[in-house]
Amino acid sequence: MPETMRVVEIIEAGGPDVLEPASAPVPEPRHGEVLIALDYAGVNRPDALQRAGKYNPPASASPLPGLEGAGTVAAIGDGVAGLKVGDEVCALLPGGGYAEYVRTPAAHCLPVPKGLSMAQAAALPETYFTVYSNVVMRGGLKAGERFLVHGGSSGIGTTAIQLASLMGARVFTTAGTDEKCDVCKSLGAEQAINYKEADFVETVKAEGGADLILDMVGGDYLPRNVRALADDGRLVQIAFLQSSKVELNFVHVMVRRLTITGSTLRPQSDLAKARIAAELKQHVWPLLEAGRMAPVMDSEFDLEDAAKAHALMESSTHIGKIVLRVK
């Protein structure tokens, strides 16, 4: 095991150019953890928020960005069962993914699905943990329900469309170009609404309203989501690309018996994340291995080009996932 490793660090809060290659000591796995030699790391919006100084990592986590990756188990801490050195895994990370080696709780690791590459596997954890926990576990989506997900061409959106469609839901989504809308429909969306040309509220209400909405936009989408919900509908908020503060008339929530909830993944306990991992392994990994769903991949960048990856992500011109090639 080498003493040092290549990493990308945040030198100060700011834009993509504050991401710089550096060297750091190789971490050692603690009790219940494994050390993974990464092949690829996923790039996600929370990484950009951390880079901008708006999403600080927990005190116990690495200060390096990176919340998911795939590679080979290189070392095992005390108290770990079910994994051994040499196993190929993808994992949800507390941080530190922009590096050659990263440590994470063993219970947050999942096997690389048969038939998927390491790059595809690295694109799974953060997105699939988020989508499954919020759409299924929190949102309670059922077959036959009308489901609306915003940002349909994002990693979250492309995953949510596929999962909800396979569950038998009627899927609606929003995206910013006709090309992105076409991709969403190819993944299982019944209707993909170009939000620059049409009002998603009217489109969804014409179909009876949404039983469940998954939103990461916030801002003026919040009151519009409430209008788009069917009676007894549920809104799950997972991020705020716009503002988290908005004026909302809660009379509509009361009279129509609506549920507004939300979550963010990183601050949840290790046990909560382990439970999500177990649910994914039982219910979603068989779908991946059967080829019934797969991550939509946009592009790969070398680890040292993380700044370019962030610039692409923030341009919103990509479709699906962006990953960093570590090896």
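A residue counts as buried under 20% relative accessible area, as exposed over 50%, and as partly exposed in between. With that scale in hand, here is a friendly tour of the charged pairs in this predicted model, plus one nonpolar patch on its surface. Searching the whole structure turns up 17 salt bridges, and a few of them are described below.

**A buried pair**

- Glu68 and Lys321 form a salt bridge, and their closest N and O atoms are 2.6 Å apart.
- This pair links distant parts of the chain: Glu68 belongs to strand 4 (residues 68-76) and Lys321 to strand 15 (residues 321-325), with their positions 253 residues apart in the numbering.
- Are Glu68 and Lys321 buried or exposed? Both residues are buried.

**Partly exposed pairs**

- Arg170 and Glu207 bring their side chains together in a salt bridge, at 2.8 Å from N to O.
- Arg170 sits in strand 9 (residues 170-175), while Glu207 is in the loop between helix 6 (200-205) and strand 11 (210-215), so the salt bridge ties together parts that are 37 residues apart in sequence.
- Arg170 has a relative accessible area of 27%, which falls between the 20% and 50% limits, so Arg170 is called partly exposed.
- Its partner Glu207, at 28%, is also partly exposed.
- Another salt bridge joins the side chains of Asp232 and Arg257, at 2.9 Å from N to O.
- Here too the pair links distant parts of the chain, 25 residues apart: Asp232 is in strand 12 (residues 229-237), and Arg257 is in the loop between helix 8 (251-255) and strand 13 (259-262).
- Asp232 has a relative accessibility of 42% and counts as partly exposed.
- Arg257 is partly exposed as well, with a relative accessible area of 45%.

**A shared network**

- Which residues are joined into one network by salt bridges that share partners? They are Arg6, Glu100 and Glu304.

**A nonpolar surface patch**

- Val251, Met254 and Val255 make a nonpolar surface patch of about 320 Å².
- Within this group, Val255 is found in helix 8.
- Val255 has a relative accessible area of 57%; this is over the 50% limit, so Val255 is classed as exposed.

Note on methods:
Residues numbered from 1 in each chain as written. Predicted model: local features only at pLDDT ≥ 70, side-chain atom pairs only at ≥ 80, totals over all residues. Heavy atoms only, no water. Salt bridge = Lys/Arg side-chain N within 4 Å of Asp/Glu carboxyl O. Helix = DSSP H or I, 4+ residues; strand = E, 2+ residues; numbered from the N terminus. Buried < 20%, exposed > 50% of the residue type's maximum accessible area, 1.4 Å probe, protein only. Patch = residues over 30% accessible without salt bridge, like charges linked within 9 Å, V, L, I, M, F, W, Y side chains within 5 Å. Areas by Shrake-Rupley, 256 points an atom, 1.4 Å probe, with all protein chains shown as cover.
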